[in-house]
Amino acid sequence: MTHRLEVFDPALCCSTGVCGPSVDPVQPRFAGDLARIRRQGVTIERHNLSQDPGAFADHALVRAELEKAGVACLPVVILDGRIIATGRYPERAELDAAVGLEAPHG
């Protein structure tokens, strides 16, 4: 089964969040984790609130989280129609487990 991962990022200056005067170290780590699972066949869609606000309004799960908690719920990470993280980016091991990948050995 091919998994579909959707990431609804807070307002970022660019699609990866790794630009600007102070880069959050979580951003490049998460971008690398996404690239890694994409190579394993996971379909990834990423939406940035500042560049694609319609995607947030159009997605029922994301809209409900925003209504409940405001932008503090972002990022919202959804795998196969199920929320797996809100307010934070999942760690690599968490992503691997969610998509059924074995953790690297060594």
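Thr43 is partly exposed in this predicted model, with a relative accessible area of 39%. The residue belongs to strand β2, which covers residues 43–48. Setting aside residues up to four places away in sequence, Thr43 touches Thr2, His3, Arg4 and Leu5. Between the C-alpha atoms of Thr43 and Asp80 there are 9.9 Å, although the two residues lie 37 residues apart along the chain.

Asp80 deserves a look of its own. Its place is the loop between β3 and β4, and its phi is positive, at about 50°, although Asp80 is not a glycine. Most residues other than glycine have a negative phi, and most peptide bonds are trans. The second half of that remark leads to another spot in the backbone: the peptide bond from Leu74 to Pro75 is cis, with omega near 0°. Pro75 sits in the loop between α3 and β3.

Here are three residues side by side, by accessibility.

| Residue | Relative accessible area | Class |
|---|---|---|
| Thr43 | 39% | partly exposed |
| Asp80 | 35% | partly exposed |
| Glu65 | 14% | buried |

Glu65 is a charged residue by type, and its relative accessible area of 14% is under the 20% cut-off, so Glu65 counts as buried. Helix α3, residues 60–69, is where Glu65 is found. Beyond residues up to four places away in sequence, the contacts of Glu65 are Gly70, Cys73, Val76, Ile83 and Thr86.

Now for the chain as a whole. Four helices and four strands are present, and they follow one another along the sequence as β-α-β-α-α-β-β-α. The chain has 106 residues, of which 36% are buried. Of the contacts between residues at least 6 apart in sequence, 60% join residues at least 24 apart.

What lies at the centre of the nonpolar packing? The largest nonpolar core has 15 residues, and Leu5, Val7, Leu34 and Ile37 are those with the most contacts inside it. Two or more residues each come from β1 (4–9), α1, β3 (76–79), β4 (82–86) and α4. Helix α1 gives the largest share of this core, three residues. Leu5 shows how varied such surroundings can be: leaving aside its neighbours within four places in sequence, Leu5 is in contact with residues including Leu34, Ile37, Val42, Thr43, Ile44, Val77, Ile78, Ile84 and Leu95. A second, separate core has eight residues, among them Phe8, Ala55, Leu74 and Ile78.

Finally, how do α1 and α4 pack together? Helix α1 (residues 26–39) and helix α4 (residues 92–99) meet at an angle of about 25°, and their axes are 10 Å apart. An angle under 35 degrees counts as roughly parallel, and the two helices are therefore roughly parallel to each other. Their crossing is right-handed. On the α1 side, the contact is made by Arg29, Phe30, Asp33, Arg36 and Ile37, while α4 brings Arg92, Leu95, Asp96 and Val99. Sorted by type, the residues of this contact are four nonpolar, no polar and five charged. Two names here are familiar: Ile37 is among the residues with the most contacts inside the largest core, and Leu95 is one of the contacts of Leu5.

Notes. Residues numbered from 1 in each chain as written. Predicted model: local features only at pLDDT ≥ 70, side-chain atom pairs only at ≥ 80, totals over all residues. Heavy atoms only, no water. Axes fitted to C-alpha atoms, helices over the stretch in contact; angles between N-to-C directions. Parallel < 35°, antiparallel > 145°, perpendicular 65-115°, else oblique. Left-handed = near helix turned anticlockwise from the far one by under 90°. Contact = heavy atoms within 4.5 Å. Core = buried A, V, L, I, M, F, W, Y, C linked by side-chain atoms within 4.5 Å. Buried < 20%, exposed > 50% of the residue type's maximum accessible area, 1.4 Å probe, protein only.
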